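Please work through the following exercises with the sequence and the coordinates open beside you. Each task is followed by a solution that proceeds step by step.

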Amino acid sequence: MFAPSAAAVNPATTTTPVLKAVLWDMDGTLVDTEPYWIAAEIALVTAHGGHWDEEMAHTLVGSALENSAKVLQGAGVKLSVREIIDHLSAEVIAGIRKEIPWRPGARELLSELHGRGVRCALVTMSERTLATEVVNALDAEYFEFLVTGDEVTNGKPHPEPYLTAIERLRETDPSITAAHCAAMEDSVPGVASALASGAATIAIPNAVELAEDSRRTTWQTLAGKTYDDVTRVIAAHSSSAGVAL
C-alpha cells in the first residue's frame with residue numbers, strides 16, 4: 001500500500017517542473033513546540049523517580065509518540081503507553097493555549113503557497129487533538145487535510161505518513177505524484193520519512209542538528225522564503241533524481 005507507485009517514479013513527462021503540494025511537519029517546523037514536549041517529558045520522568053534531561057529528550061524529537069512513550073517507560077515512567085501520550089499531549093496543549101510559538105516565516109510562506117494555489121497538508125506525529133489546536137489558531141484554512149500520528153500504523157521515520165498524504169492528494173488529482181510535492185521537516189526521523197516517500201525534502205533544523213545529506217535541501221529559516229524558492233527545490237530535486245515531471 002505504501003510502496004512508491006510507478007507513477008511516482010516515472011510521472012507523465014512535461015517540459016516544466018510543477019509544484020502541486022507542500023506537506024508540512026508541525027512540531028519544530030510550523031510551531032516551536034519542542035520546548036513544551038521536552039519540559040513535559042522531564043517533569044514526567046522526574047515525578048516517577050527517573051532521570052531525563054534536555055539532551056536525552058532531543059533523541060526523541062520527531063519520533064512517533066508510541067516509540068517515545070516506550071523510551072520513557074524505560075526511563076522509569078510507570079504508566080501505559082497510552083497514558084504517557086495523553087499526559088504529554090495535554091501538557092503541550094496547555095502550553096500552546098497560553099502561547100503558540102510560530103516558527104519564523106512559516107505562516108507567511110504557508111499563506112503565499114495557499115494563495116498561489118499550492119495544496120497544503122499537515123503531516124505530524126502529534127495526535128489530531130493537538131494538531132487541531134494549532135491549525136485552528138491560523139488565520140485561514142490553509143491545510144486541506146491533516147495526517148496525524150494516531151491515524152497511521154507506522155510513524156516517522158517510516159514513509160507511511162507522507163505516502164498517506166500523497167495518496168489523499170491523488171484522490172482528487174490522480175496526476176499528483178511524490179515528484180510534485182515538497183516536504184518541510186526539522187527532525188532526523190521526519191527528514192528520513194519525507195525522503196523515503198520520494199518528496200523533495202526541505203530541512204529547517206531547529207531543536208537538533210542534522211547531518212549533511214545531498215538528498216535534501218537545507219534552509220536555516222523559513223523567514224523570507226517564497227513560492228519561487230520552493231519551486232526551485234522541486235526543479236532541483238527532479239533534475240537530480242532524473243525525473244521529468
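**Exercise 1.** Does Glu127 count as buried or exposed, and at what relative accessibility?

*Solution.* Keep in mind throughout that this is a predicted model. To begin, locate the residue: Glu127 is found in the loop between β2 and α7. The cut-off for buried is under 20% relative accessible area, and because Glu127 has 14% relative accessibility, it counts as buried. Next, consider the surroundings of Glu127, which touches Leu65, Arg82, Ile85, Thr148, Gly149 and Asp150, when residues up to four places away in sequence are not counted. Finally, examine the side chain of Glu127, which makes a polar contact of 2.7 Å with the side chain of Arg82.

**Exercise 2.** Determine which residues of helix α7 are buried, and how they are arranged about its axis.

*Solution.* Helix α7 covers residues 128–136, and within it Leu130, Ala131, Val134 and Val135 are buried. Viewed down the axis of α7, these buried residues fall within an arc of 135 degrees, so they line one face of the helix. On the other side of α7, Thr129 and Asn136 are exposed. As a last step, identify the packing partners: the buried residues of α7 pack against α2 (34–47), α5, β2 and β3.

**Exercise 3.** Establish the strand order of the sheet, and explain why β3 and β6 each have one side without a neighbour in it.

*Solution.* Six strands form an open sheet, with parallel pairing, in the order β3-β2-β1-β4-β5-β6. Reading the ends of that order, β3 (143–147) and β6 (217–218) stand at the edges with a single partner strand each, so one side of each lacks a neighbour in the sheet. For β3, the connection can be followed in detail: four bridges join it to strand β2 (residues 119–123), the two running parallel, and Val123 stands opposite Val147 in β3. Helix α8 (residues 160–172) lies across β1 (21–24), β2, β3 and β4 (181–185), and runs at about 140 degrees to β3.

**Exercise 4.** Describe the largest nonpolar core, and say which helix gives the most to it.

*Solution.* The largest nonpolar core holds 53 residues, of which Val22, Trp24, Leu30, Leu113, Phe143, Met184 and Val230 touch the most other members. The helix that gives the most to this core is α5 (residues 81–98), with six residues. A second, separate core has 19 residues, including Leu23, Ala121, Phe145 and Ile166. To see one residue of the largest core in detail, take Leu113, whose contacts, not counting residues up to four places away in sequence, are Leu19, Val22, Trp24, Val118, Cys120, Tyr227 and Val230.

Definitions and conventions. Residues numbered from 1 in each chain as written. Predicted model: local features only at pLDDT ≥ 70, side-chain atom pairs only at ≥ 80, totals over all residues. Heavy atoms only, no water. Core = buried A, V, L, I, M, F, W, Y, C linked by side-chain atoms within 4.5 Å. Buried < 20%, exposed > 50% of the residue type's maximum accessible area, 1.4 Å probe, protein only. Contact = heavy atoms within 4.5 Å. Pairing = 2+ DSSP bridges. Axes fitted to C-alpha atoms, helices over the stretch in contact; angles between N-to-C directions. Arc of directions from axis to C-beta. Polar contact = N/O pair within 3.5 Å; in protein donor to acceptor, adjacent residues only side chain to side chain.
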